[in-house]
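Biologist: I would like to learn how to read a model with two chains. Can we go through one step by step?

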Amino acid sequence: MSSAEFAAAASVRSRGPLDEESREWLRCLTVPGERERALARLHQLLLRAAHAELRRRSRPAVVEGREQDDLAHQAADDALLAIVGKLDRFRGESRFTTWAYKFVMLEVSAKLGRHYWRNPPVPMSGDAWERIPDRLGADPAEHAESRELAAALRQAVTEVLSERQRQVFIAIVIDGVPLDALAFELGSTRNALYKMMFDARRKIRAHLVAHGYLDAEGGMP
Amino acid sequence: MTGWQALDEFLRTDPRDVGCERAIEVLDIYVDVVSADGAEAAEHRFPGVAAHLRACGPCGEDFDGLLAAVTGTAS
């Protein structure tokens, strides 16, 4: 057994019990002579997954044709790089292909976030705050209810959120900017913006409860 | 659902929610459990991840896409 094969086998053993397919992927990806072919095969799988994912997320069409093809290739290329760089961190807790596909999903999300700014939707006319019930999936509301809700929400946002929280909340909830697109624009991360939104939601809800608009336990007061 | 009910649902937070970083860290394991044993088993094993996936649109999308990829339901 060559030193590379020995290292590969030791690496597989240290990961604990693996399913046969995952074990084979790891072996091929770490043994010289087989590695190039395995990388090409993996890239093919990643590319197919990237295409499928872009099609799934593009209903209705957000990216299509040549643009979709380019994004799929970029996502597959970058996912492959990430996988190769993190191969020693694969602990065999999932199947290897599931772990690998995860990188494609993350790359597709990041690429679509960046892509959003190439052709952002034109803002609709009228008061975006009054469209909140519709945006949140409520049944068509009476105009008076929408106006009252918008005023209460706007007041809560102004009074209880920090400037940064307000900026993020308005971009995501009122202007409808996707979270990944905003993270790209602000040079932030999905996790950081989600945490900010999590705190913002909690603070706004507490304010609306304190002012009698919402019930602390749920349901309407 | 009225506008107020929809807003209330949106504003509610689950203290078990683990956030994006930790959810993504185990998303592959979560998806394998869902595809092998069902969503309930995954939720039982990772309640904080399940809470997060319910609330976070982008991570929910990643979950849907990964599940479709591994179960072969991706087009």
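Biologist: How many helices and how many strands does chain A have?

Modeller: Keep in mind that this is a predicted model. Start with a count of elements. Chain A has ten helices and zero strands. Read from the N terminus, its elements run α-α-α-α-α-α-α-α-α-α.

Biologist: What share of chain A is buried?

Modeller: Burial is a matter of crowding: a residue is buried if 20 or more other C-beta atoms lie within 10 Å of its own. In chain A, 34% of the 221 residues count as buried.

Biologist: Which share of its contacts joins residues 24 or more positions apart?

Modeller: Look at separation along the chain. Take the contacts in chain A with a separation of 6 or more: 61% of them are between residues 24 or more positions apart.

Biologist: Now the interface. How many residues of each chain are in contact with the other?

Modeller: Count each side on its own. Chain A gives 42 residues, in contact with 33 residues of chain B. On the chain A side, α3, α5, α6, α7, α9 and α10 each supply at least two residues. The largest share, nine residues, comes from α10(A).

Biologist: What kinds of residue make up that side of chain A?

Modeller: Sort them by class. The side of chain A that touches chain B has 19 nonpolar, eight polar and 15 charged residues.

Biologist: And from chain B, which residues of helix α1 are buried?

Modeller: Helix α1 of chain B covers residues 3-11. Its buried residues are B:G3, B:W4, B:A6, B:L7, B:D8 and B:L11.

Biologist: What do the buried residues of α1(B) pack against?

Modeller: Follow them across to the partner chain. The buried residues of α1(B) pack against α6, α7 and α10 of chain A.

Technical notes. Residues are numbered from 1 along each chain as its sequence is written. Chains are lettered from A and ligands numbered from 1 in the order in which they are written. This is a predicted model: local features need pLDDT of at least 70, side-chain atom pairs count only at pLDDT 80 or more; totals for chains, interfaces and linings use all residues. Two residues are in contact if their C-beta atoms, placed from the backbone, lie within 7 Å. Helices (H or I, at least four residues) and strands (E, at least two) are DSSP runs, numbered from the N terminus. Ala, Val, Leu, Ile, Met, Phe, Trp, Tyr, Cys and Pro count as nonpolar, Asp, Glu, Lys and Arg as charged, and the others, Gly among them, as polar. A residue is buried if 20 or more other C-beta atoms lie within 10 Å of its own, exposed if 12 or fewer, and partly exposed in between; C-beta atoms are placed from the backbone.
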